[in-house]
Amino acid sequence: MWDKNDWLYEGQHGFRPGYSCESQEIAVCQDIANSMDNGDKIDGIIVGFSKAFDLVPNGRLLNKIANLGVDSRVVVWIREFLLGRTQRVRVGGQLSAEVRVTSGVPQGSVLGPLLFLAYVNDIWRNMESTIRLFADDCAIYRKIINNADMEKLLKDLDRLGEWAVENAMKINPSQSKAIRFTRAKVTDPLNYLRMGTLIPEASSCKYLGIILRSNLSWADQVNYAVKKAWKAQNFTMLILKRVIVMPKV
């Protein structure tokens, strides 16, 4: 329904028909490659959110869904789905008392991921830089020609932080990475801050399961894939040696 009405942000590729992890990776890499082919450089921040699915406030989520123009009957149905939930913890043979759950979208459900998309759907507003999402995996980047462009990216990073505070989300600067994509030699450090904490600079980073290098070389990704394949093969051969009984001569 939300896809048909174009309610969801185009840069969000998670949990949507026709979109996937691969389509997001292709979009990001193509943006970077196009700029590098023109001799430009791109600064990007891979943003790490902490426990994003668990922190969604139910009341604010319902307000956002209503503001999207969803039929009021559907909003009531979603409210009944979200509210009144409880949880308890088992330690050994003992159960804790029940506690009301007032935040988070139910994971493992069909509706839960879609509700999360609705909650983060306004994250891109007021941004000048490109922001792309796969559920809560977030990448924000822009072409850098001069210091003013770096300031704009930093300002957008601040806006992202303000959005996170307003929406009860938590950005973890230590789990975020700053990377400059260019074929030229990088001499100046990337001084991108979040709440006074310097975001670690990296020459490569892992994004949605692939390794992106600053020069967009795929050598690290190929080596990683080959290493995983060898491990899988060695494990398979070990199991086969134990299972297959060699015939006596």
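This report describes a helix pair, the internal cavities and a salt bridge in one protein structure. The model is predicted.

**Helix packing**

Helix α3, covering residues 58-67, packs with helix α5, covering residues 111-119. Their axes lie 9 Å apart and form an angle of about 75 degrees. Because angles from 65 to 115 degrees count as roughly perpendicular, α3 is described as roughly perpendicular to α5. On the α3 side, the contact is made by R60, L61, K64 and I65. Helix α5 contributes L115, A118 and Y119. By class, this contact of α3 with α5 has five nonpolar residues and two charged residues, with no polar residue.

**Cavities**

A search of the whole structure finds two cavities of 30 Å³ or more. The table sets out the volume of each and the classes of the residues that line it.

| Cavity | Volume | Lining residues by class |
|---|---|---|
| Largest | about 60 Å³ | nine nonpolar, one polar, no charged |
| Second largest | about 40 Å³ | nine nonpolar, no polar, one charged |

The lining of the largest cavity is formed by V28, I32, G44, I45, I46, A139, I140, Y141, F181 and L212. Three elements give two or more residues to this lining: helix α1 (21-37), strand β1 (41-47) and strand β7 (137-144). The one polar residue in the lining of the largest cavity is G44, because Gly is counted among the polar residues.

The second largest cavity is lined by F49, A52, F116, V120, I123, L133, A135, D136, W163 and M169. The one charged residue in this lining is D136, since Asp belongs to the charged class.

**Salt bridges**

The structure holds eleven salt bridges. One of them joins K143 with D40, and the closest N and O atoms of this pair are 3.8 Å apart. This pair links distant parts of the chain, as the two residues are 103 residues apart. K143 belongs to strand β7, whereas D40 is located in the loop between α1 and β1. The elements named here also appear in the cavity description: α1, β1 and β7 each give two or more residues to the lining of the largest cavity.

Technical notes: Residues numbered from 1 in each chain as written. Predicted model: local features only at pLDDT ≥ 70, side-chain atom pairs only at ≥ 80, totals over all residues. Heavy atoms only, no water. Axes fitted to C-alpha atoms, helices over the stretch in contact; angles between N-to-C directions. Helix = DSSP H or I, 4+ residues; strand = E, 2+ residues; numbered from the N terminus. Parallel < 35°, antiparallel > 145°, perpendicular 65-115°, else oblique. Contact = heavy atoms within 4.5 Å. 1 Å grid on protein atoms, 1.4 Å probe; cavity = no way out; pocket = protein on both sides within 12 Å on 5 of 7 lines; lining within 4 Å. Points joined across faces, edges and corners; volume = space filled by probe spheres on them. Salt bridge = Lys/Arg side-chain N within 4 Å of Asp/Glu carboxyl O.
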